[in-house]
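Welcome, and please open your viewer before reading on. Each stop below tells you what to select next and what you will find there.

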Amino acid sequence: MSIHPAPLDPGVDPTVAASAPTSADLEALLVETWESYLSDGGPAIPWPTAPVDDETVGWSASVCFDGTWRCLVALEMQGTTAEAATRELLALDGDEEITDEDISDAVGELVNILGGAVKSIVAATSSLSLPVVAAGRVALPRHSTRLCDVAVRWHGRPVRVHLHAVGSTADTGEHTGHTGLTGEVP
Amino acid sequence: MKIIVADDSKVMRRIVVRTLRQAGHGGHEVIEAENGRECLDLVTDRTPDLVLSDWNMPEMTGIECLDALRAQGTEVPFGFVTSEGSPEMRERAARSGALFLIAKPFTAETFAEALDPLLGS
């Protein structure tokens, strides 16, 4: 999947960026989520210098906020990491079959949990979308601005979360939610 | 007792069932629903003793399911297990008649705290 850059959007309300979670917040939420459901695979350790390799994003997922706070949370990991997470979440043995539908479900649920946790620390009224999952990297809506980018090391590999401010419908002339994203797995 | 677990994620339904067991409530019959609409139908057909439901689901959300149940006079005990735990959501859930809202990520202790009064410890 092609990589869509996140251009700065002069139409984004500056208060959005001011009220957004910090990188430290995002990192803590990521670690907490992994500790809660994926601790059998070892701890998720903050990894500020995690390598960024677009070619190794095997699975990703995102949720959007729409309302007075318009943002997108995206989760990315390698294919083997997504498979390991899915096996642990479903409590599958190593020889049990795993499907793309299982992985999609698992990665989508993880970003859903992260999105809900992000929402809980934002003092704004917004609705949370259902997750969208992609085999590869989810594309970002046009007119989005990257606010935070954190990673943890799990199973020796990076798990990365991005937070993006999304321009308003009036600014962009397009819908928010996930209509600007591609690569959805049904 | 019969418990309906409603969540559009199979992964989360498995986790909820596992956490029920870890919280000391593993002996109950669990019926799974993939969305609020299916949950609504199952409550009518199976008369459960408790519903544990996600909030944000396709077809019909959890809160829409709860409102529909109460509108038809069904007073089944209903609790949310959801990724959103803001004060506004909790207030909205309580106003519709939910007994509790457990926010993800959760622990077995959180489940026990919410469920022991209903199901016994």
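Start by selecting B:E59, which is exposed, with a relative accessible area of 65%. Keep in mind throughout that this is a predicted model. B:E59 sits in the loop between strand 3 and helix 3 of chain B. Check its backbone too: phi is near 70°, a positive value in a residue other than glycine. Most residues other than glycine have a negative phi.

Now select B:P58, which belongs to the loop between strand 3 (50–53) and helix 3 (62–71) of chain B. Buried or exposed, what would you call B:P58? B:P58 is partly exposed, with a relative accessible area of 34%. Leaving aside neighbours within four places in sequence, its contacts are A:L130, B:D8, B:N35 and B:G36. Put a distance label on the C-alpha atoms of B:P58 and B:N35: they are 6.3 Å apart, with their positions 23 residues apart along the chain.

**Two more backbone stops**

Go to A:A91, in the loop between helix 3 and helix 4 of chain A. A:A91 has a positive phi of about 55° and is not a glycine. A:A91 is partly exposed, at 48% relative accessible area.

Next, select B:K104 and B:P105 together; the peptide bond joining them is cis, with omega near -5°. Most peptide bonds are trans. Look for B:P105 in the loop between strand 5 (100–103) and helix 5 (108–119) of chain B.

**Chain A as a whole**

Hide chain B for a moment and colour chain A by secondary structure. You should find five helices and seven strands, arranged along the sequence as α-α-β-β-β-α-α-β-β-β-β-α. Chain A has 186 residues, and 53% of them count as buried. Among contacts in chain A with a separation of 6 or more, 76% come from residues 24 or more positions apart.

**The nonpolar cores**

Bring chain B back. In soluble globular proteins, nonpolar side chains tend to be buried together. Here the largest nonpolar core has 65 residues, and those with the most contacts inside it are A:L30, A:W34, A:L75, A:V107, B:L52, B:F106 and B:F111. Helix 4 (residues 100–120) of chain A gives the most to this core, with nine residues.

Which residues does A:L75 touch? Not counting residues up to four places away in sequence, they include A:L30, A:W34, A:W59, A:V107, A:L110, A:V159 and A:R160. Then move on to a second, separate core of 23 residues, where B:I31, B:V51, B:M57 and B:F80 are among the members.

**Where the chains meet**

Select the residues of each chain that contact the other: 21 from chain A and 18 from chain B. The area buried between the two chains is about 1,700 Å², and carbon and sulfur atoms give 55% of that. There are 11 residue pairs in polar contact between chain A and chain B, both residues of each pair being at pLDDT 80 or more. On the chain A side, helix 2 (23–37), helix 3 (79–89) and helix 4 each supply at least two residues. Helix 4 gives the most, with nine residues. The chain A side divides into 10 nonpolar, five polar and six charged residues.

How many salt bridges link chain A and chain B? The count is three. Zoom in on A:D102 and B:K10, which form a salt bridge with their closest N and O atoms 2.8 Å apart.

**Salt bridges within the chains**

Over all chains the count comes to 15 salt bridges. In chain A, pick A:D149 and A:R160, whose closest N and O atoms are 3.0 Å apart. A:D149 lies in strand 6 (residues 144–154) and A:R160 in strand 7 (residues 157–166), so the pair ties together parts that are 11 residues apart in sequence. A:D149 is partly exposed, at 30% relative accessible area, whereas A:R160 counts as buried at 10%.

In chain B, select B:E29 and B:R46, a salt bridge of 2.8 Å from N to O. This pair joins strand 2 (residues 29–33) to helix 2 (residues 36–46).

For the last pair, choose B:R92 and B:D67, a salt bridge of 3.0 Å from N to O. B:R92 is in helix 4 (residues 87–96) of chain B and B:D67 in helix 3 of chain B, 25 residues apart. Finish by selecting A:E109, B:D7, B:D54 and B:K104: salt bridges that share partners join them into one network.

How values were computed. Residues are numbered from 1 along each chain as its sequence is written. Chains are lettered from A and ligands numbered from 1 in the order in which they are written. Side-chain values use heavy atoms; hydrogens and water are left out. A nonpolar core is a set of buried Ala, Val, Leu, Ile, Met, Phe, Trp, Tyr and Cys residues joined through side-chain atoms within 4.5 Å. Buried means under 20% relative accessible area, exposed over 50%, partly exposed in between (1.4 Å probe, protein chains only). Helices (H or I, at least four residues) and strands (E, at least two) are DSSP runs, numbered from the N terminus. Contact means heavy atoms within 4.5 Å. Buried area is the accessible area (1.4 Å probe) that two parts lose on being put together, summed over both. A salt bridge is a side-chain nitrogen of Lys or Arg within 4 Å of a carboxyl oxygen of Asp or Glu. A polar contact is a pair of N or O atoms within 3.5 Å; within protein, one must be able to donate a hydrogen and the other to accept it, and residues adjacent in sequence count only if both atoms are side-chain atoms. Ala, Val, Leu, Ile, Met, Phe, Trp, Tyr, Cys and Pro count as nonpolar, Asp, Glu, Lys and Arg as charged, and the others, Gly among them, as polar.
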